[in-house]
Amino acid sequence: MPGGTDQTLQPFAWRAETLYPDTEIVSRTHEGIVRSDYSEYADRTAQLANALDAAGYGDGERIGTVCWNHHRHFETYFGVPGMGAQLHTINPLLPDKHIQYIVENAADRTIFVDQSFLPKVEGAVADDPESFASVDRYVVMGGQVPETELDAVAYESFIEGHSTTYDWPTLDEERPAGLCYTSGTTGKPKGVEYTQQMLWSHTMALQTPQGIPVADDDVVMPVVPMFHVNAWGLPFSTTAGGAKHVYPGPQPEPADLAALIEDEGVTLTAGVPTVWLGLMEYVEDNDVDLSSLDRLVVGGSAAPEAMIRFFDDHDVELIHAWGMTETAPVGTVAHVKADLEDADYETRLDKRTKQGLIVPGLEFRVVDDAGEAVPHDGEAFGELHVRGPWVTTEYFARPEATEAEFVDGYLKTGDVVTVDGDGYIKIVDRAKDVIKSGGEWISSVELENELMAHEAVAEAAVIGVPHERWQERPLALVVPTEDADTGTLEAGLREHILASYPKWWVPDSVVVIDEVPKTATGKFNKQALRAEYGDESLVEGRVPEDAAPER
Ligand code: ADP
């Protein structure tokens, strides 16, 4: 090995602790605002690592978390991979059956869970205890454990009494450090493993000027959940930069975000468009001081042009970025190239609404159906393929999924894009049959299967319909059986879906059709359905407030 040591996360934490011991880590919790600093962070991550050792967890074993964004969750970010185990962040908003599958597939040894998610986890365990057979202990994030059937200990008791120093091992960069599942078009969620090296290189790429760099005078608030691809890597890059962290805690409302920005002097924040639409409304109706805020990163779904203009008007630079669970996640960032800096506002805006420029370290290609590379003319489109040091090359324990999603060392993203003459990538369609609502996936194929399992349904297709607040919402197109009672059909189907899926998965409208159009190969022709029914008016006014529950 030419370098002195491998590429691992621990040096980032070591540097922050050594150079910035007094820099703050602020966390909004049920118990109020909790303040600590990198010095205390170092003590507590050491205690956590010692506690994990003492409990017999380690050496590549997986440690699950079901948590919001807060300081204890952040302690697992360095504490778990640093001692050689693997941090598996679990999305609590998924249907129970997905969580059961994920825990079983990952064989998590223990699960760190927020008190507010405890009922969700208890329900999933009670429904299928076998899938949680590998878990021997639940650690409840906080000082106390509420009444529970589970074998649980409070986080504070778990780490208490352990030494505040830990002899962090020198790890191999190939060692798995993280694990995050992504919802596939069909079938089960797919696990993406992040090695130490992937997280290190992703952090370093973010720290370049072409990424989303964090300096030691920044105050960074990731609103994107820490169960979504490590909050897009920000907890790592914020530590690498020695900056102050602000964690917005459980279910932050726009008022909470505004207060944290004002009180803590947040300079950089990140989240999906739905979050910022909420904040925009709040800012219009209230007197909010956004003057500390310098950059606001938007990803997960396309940043609307009006949003970029709004934040420009408030002197906040909206940075549009694209990524995937498979790309750890950041792949492109829509910076304005130097030779466009002097272009007029509309020209620059046009570039900023695109998903952006590939970040240094990655390569991409765009290929058409015949596998030919398309020209970079802003018109020709094809599927985006990417590869690089922090792009996964396989799915965890799922060879058949890996086979389908990778080619020539590239990840097939399922995003259909154009590339303009300046190299800006723009998503124009999605080849994968999924709906993204408020930053969370809904599988249209699963909904179709569930609908078609209902006795009144002969055939059903589900499409995503554009929606201003949630970006997309599901719409069901149903061919009823001959003797179905169409008067009670919609209510019956709602109930049927609710029996197995969270409320926000339920299609907002059920439209009765005569026949589902098919492609030449007999598949549902989603393109034709979207062309005919993909109109916001079909779901307008019908979307429940909690369409995506975490916001
Ligand atoms: P994340 O948790 O970062 O959203 P996922 O793996 O769940 O990652 O979703 C990745 C997909 O989300 C992409 O393939 C793309 O379809 C969509 N996506 C991500 N960022 C954007 C964006 N800026 N604009 C449009 N779509 C996006």
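**Exercise 1. Determine which element gives the largest share of the shell around the ligand, and describe that shell.**

Step 1. The largest share, four residues, comes from β14; strands are DSSP runs of E with at least two residues, helices are runs of H or I with at least four, and both are numbered from the N terminus. The model is predicted, with local features requiring pLDDT of at least 70 and side-chain atom pairs pLDDT 80 or more, while totals for chains, interfaces and linings use all residues. Residues are numbered from 1 along each chain as its sequence is written, and side-chain values use heavy atoms, without hydrogens and water.

Step 2. In total, 19 residues surround the ligand, a residue being near if one of its heavy atoms lies within 4 Å. The closest are Thr325, Asp415, Lys432, Lys436 and Trp441.

Step 3. By class, the shell holds eight nonpolar, seven polar and four charged residues. Here Ala, Val, Leu, Ile, Met, Phe, Trp, Tyr, Cys and Pro count as nonpolar, Asp, Glu, Lys and Arg as charged, and the others, Gly among them, as polar.

**Exercise 2. Identify polar atoms that lie close to ligand atoms in the model, and state how much of the ligand the protein covers.**

Step 1. A polar contact is a pair of N or O atoms within 3.5 Å; within protein, one must be able to donate a hydrogen and the other to accept it, and residues adjacent in sequence count only if both atoms are side-chain atoms.

Step 2. For ligand oxygen, a polar side-chain atom of lysine 432 lies at 2.6 Å, and an N or O atom in the side chain of tryptophan 441 lies at 2.7 Å. For ligand nitrogen, a polar backbone atom of alanine 321 is 2.8 Å away.

Step 3. On its own the ligand has 560 Å² of accessible area, of which the protein covers 94%. Such areas come from the Shrake-Rupley method with a 1.4 Å probe; for residues, only the protein chains shown count as cover.

**Exercise 3. Classify the packing of α9 against α1 and against α7.**

Step 1. Axes are lines fitted to C-alpha atoms, for helices over the stretch in contact, and angles run from 0 to 180 degrees between N-to-C directions. Angles under 35 degrees count as roughly parallel, over 145 as roughly antiparallel, 65 to 115 as roughly perpendicular and the rest as oblique.

Step 2. Helix α1 (residues 10-19) meets helix α9 (residues 234-241) at about 45°, with axes 7 Å apart; α1 and α9 are therefore oblique.

Step 3. Helix α7 (residues 196-206) packs on α9 at about 65°, with axes 9 Å apart, so that α7 and α9 are roughly perpendicular.

**Exercise 4. Locate the cis peptide bond at proline 329 and the positive phi of aspartate 59.**

Step 1. The bond from alanine 328 to proline 329 is cis, with omega near -5°, and proline 329 lies in the loop between β14 and β15 (330-333).

Step 2. Aspartate 59 has phi near 40° and sits in the loop between α2 (38-54) and β3 (62-66).
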